[in-house]
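Good morning, and thank you for coming. I would like to take you through one structure, moving from the pairing of charges to the surface and then to the interior.

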Amino acid sequence: MKRIIVVDDDNDMCMLLNRFLSRHGYEVFITRSGKEALEWLKKNTPDLMLCDFRLGDMSGSELLDKIKNSGSSFPMIIITGYSDVKDAVDVMKLGAVDYITKPLFPDEILLTIKNVLSINKVTENIVKSETKNTKADPAQNASKSTKNETFLNGRYIIGNSEGFTNIMKQINLVAPTNYTVIIYGESGTGKEAIAQQIHYMSKRSDKPFVAIDCGTLSKELAGSELFGHEKGSFTGALTQKTGSLERANGGTIFLDEIANLSYDVQVSLLRVVQERKIKPIGSNKDIDIDVRIIVASNQNLWDYARNGKFREDLYHRFNEFCIDVLPLRERKEDIMLFANHFLQLTNDELGKNLKGFSKQVENIFNDYIWYGNLRELKNVVKRATLLSDGEWIEVQSLPFEITNFKKLQFDPPQQKTETKLNDIDITENTHDNASFDNKLKNANINLEYKIIVEALKQVNFNKSKAAVLLNVDRKTLYNKLKQYKILNAAEI
């Protein structure tokens, strides 16, 4: 039986929560002040704390801070009024896992508690104070890589920003349902990780999760990949193939970049959503399936539907619930949290024990605009970890476009009579009376060229590796090389 401690100075609220939670199989302990709760915690450890943000003797953040200093570790849910939501979010940044707003609704309370308690591998939600084994060099004034982030099922890290807090509330809300979900966000923002988290917090968590990148599927192969095919159904179909939808049966399928699917495939997919049946290519038999569909796009599907680029009826079938993921540049509070997380993963992968990032590196990270979002941040941290020999990641381990970001972004283009590629600067003809728009265009060309050149140099002009380093596909990179007439090292 799970143990829940309730901290609330409202006697009526305590009685109601006690009766309600006890009726649903929880062992409940009632405390009516922060001081009383701390006394109880000296001898007991709950599975969860339900705490009113405004207590008579202290606030929720003060209580959380005292619990952290005591060394206790368990999830905490804040109860708050709408006027205090901002303060509740601040408490979540300190380690609380969720908040519930008044007036309280029984179903919301129960759902939130179940979601929190269903987490199997939560690392410490209430962060312990610095231990004796993690003393930092004061001269470094650096960002420690401590294991104080919050994970769900060991898979998805919760950011500190208000944007991520809102995403987690949406995940908690929609995960237990069978709603189809659209996740919007730029490339590299973690859309697939969010889809995975929805799956692992759903009733389908013991069934398959299948992810498909629709952007990589050609029109000819998309139908086969999604629905499967029979042997001999088309040229090259040498064996029978089970489609991804059938492989995900009972579980969840994640269709990334859904807008890239052809019209014909969209028609077939509409039938899947409506009838829950699929027909493999070349087969005369329908296969019943029970699969939850989560889709993602970096484009607004409604705009696509209005412009005739996406079936409107399919859009409305998908649009039962929508989650918008902010780019990393709009949630600066998350940058070092994720950087430290990626450092921990890379330490484990490489058998290293780097402690964290120097203060200078932290400042550079916070100032940089992460065009590739979390994917770019992860790659930068992995590369820097590999190159670092000391205990801390220093500036010299970072790539050129990161350390020189401000200079590359704000240096004005130089005046030249013609475009030249034998110099790392590249601009078009400019004049004193050139429009601001043209100057900005030249500056952007200058920046893009420099970044491509630096990437090529780092991988010894291996174009495939450069594409990976730049987080673009090979076709995009080759088009850029053709645009700038960069054919080989001699052109630089």
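Helices and strands are here DSSP runs numbered from the N terminus, a helix having at least four residues and a strand at least two. With that in mind, arginine 276 can be placed: it sits in the loop between α10 (263-275) and β14 (277-278). Please keep in mind throughout that this is a predicted model.

Let me stay with arginine 276 for a moment. Its phi is positive, about 55°, although arginine 276 is not a glycine. With a relative accessible area of 28%, arginine 276 is partly exposed.

Where does asparagine 373, another residue with a positive phi, lie? Asparagine 373 belongs to helix α15, which covers residues 373-387. Its phi is near 55°, and asparagine 373 too is a residue other than glycine. Asparagine 373 has a relative accessible area of 0% and is buried, because buried means under 20%.

I turn now to charged side chains. In general, side chains of opposite charge can pair when their charged atoms come close. A salt bridge requires a side-chain nitrogen of Lys or Arg within 4 Å of a carboxyl oxygen of Asp or Glu. How many salt bridges does this rule give? The count comes to 14.

One of them joins the side chains of glutamate 39 and lysine 42, with 3.0 Å from N to O. Glutamate 39 is partly exposed, at 43% relative accessible area, whereas lysine 42 counts as exposed at 64%.

Next, consider glutamate 225. It forms a salt bridge with lysine 241, in which the closest N and O atoms are 3.7 Å apart. Glutamate 225 lies in helix α8 (residues 219-227) and lysine 241 in strand β12 (residues 241-242), so this pair ties together parts that are 16 residues apart in sequence. Lysine 241 is partly exposed, with a relative accessible area of 30%.

Glutamate 225 also forms a salt bridge with arginine 247, and here the closest N and O atoms are 3.6 Å apart. This second pair links distant parts of the chain, from glutamate 225 in helix α8 to arginine 247 in helix α9 (residues 244-247), 22 residues apart. Arginine 247 is partly exposed at 41% relative accessibility. Through shared partners, the salt bridges join Glu225, Lys241 and Arg247 into one network.

Let us move to patches on the surface. Which residues gather in a patch of negative charge? They are Asp9, Asp10, Asp12, Asp57, Glu62 and Asp65. Glutamate 62 is found in helix α3, residues 60-70, and counts as partly exposed at 41% relative accessibility.

There is also a nonpolar surface patch of about 270 Å², made by Leu350, Leu386 and Leu387. Leucine 386 has its place in helix α15. At a relative accessible area of 55%, leucine 386 is exposed.

Now I come to helix α13, which runs over residues 335-350. Its 16 residues reach 22 Å from the first C-alpha to the last, close to the 22 Å expected at 1.5 Å a residue. Is α13 largely enclosed or open? Of its 16 residues, 12 are buried, so α13 is largely enclosed by the rest of the structure. Among the buried residues of α13 are Ile335, Phe338, His341 and Phe342. Polar names appear there as well, including Asn340, Gln344 and Thr346. After α13 comes glycine 351, whose phi is positive, near 70°.

Finally, two pairs that are separated along the chain. Valine 453 is found in helix α18, residues 436-458, and is buried with a relative accessible area of 1%. Valine 453 and leucine 481 are 28 residues apart in sequence, and their C-alpha atoms are 9.5 Å apart in space.

The other pair begins with serine 205, in the loop between α7 (191-200) and β10 (209-213). Serine 205 counts as partly exposed, at 34% relative accessibility. Its C-alpha atom and that of threonine 252 are separated by 8.6 Å, while the two residues are 47 residues apart along the chain.

To close, I would ask you to find two places again in the model: the network of Glu225, Lys241 and Arg247, and helix α13, with 12 of its 16 residues buried. Thank you for your attention.

How values were computed:
Residues numbered from 1 in each chain as written. Predicted model: local features only at pLDDT ≥ 70, side-chain atom pairs only at ≥ 80, totals over all residues. Heavy atoms only, no water. Buried < 20%, exposed > 50% of the residue type's maximum accessible area, 1.4 Å probe, protein only. Patch = residues over 30% accessible without salt bridge, like charges linked within 9 Å, V, L, I, M, F, W, Y side chains within 5 Å. Areas by Shrake-Rupley, 256 points an atom, 1.4 Å probe, with all protein chains shown as cover. Expected span 1.5 Å × (residues − 1). Lys, Arg positive; Asp, Glu negative; His and termini not counted. Charge placed at Lys NZ, Arg CZ, Asp CG, Glu CD.
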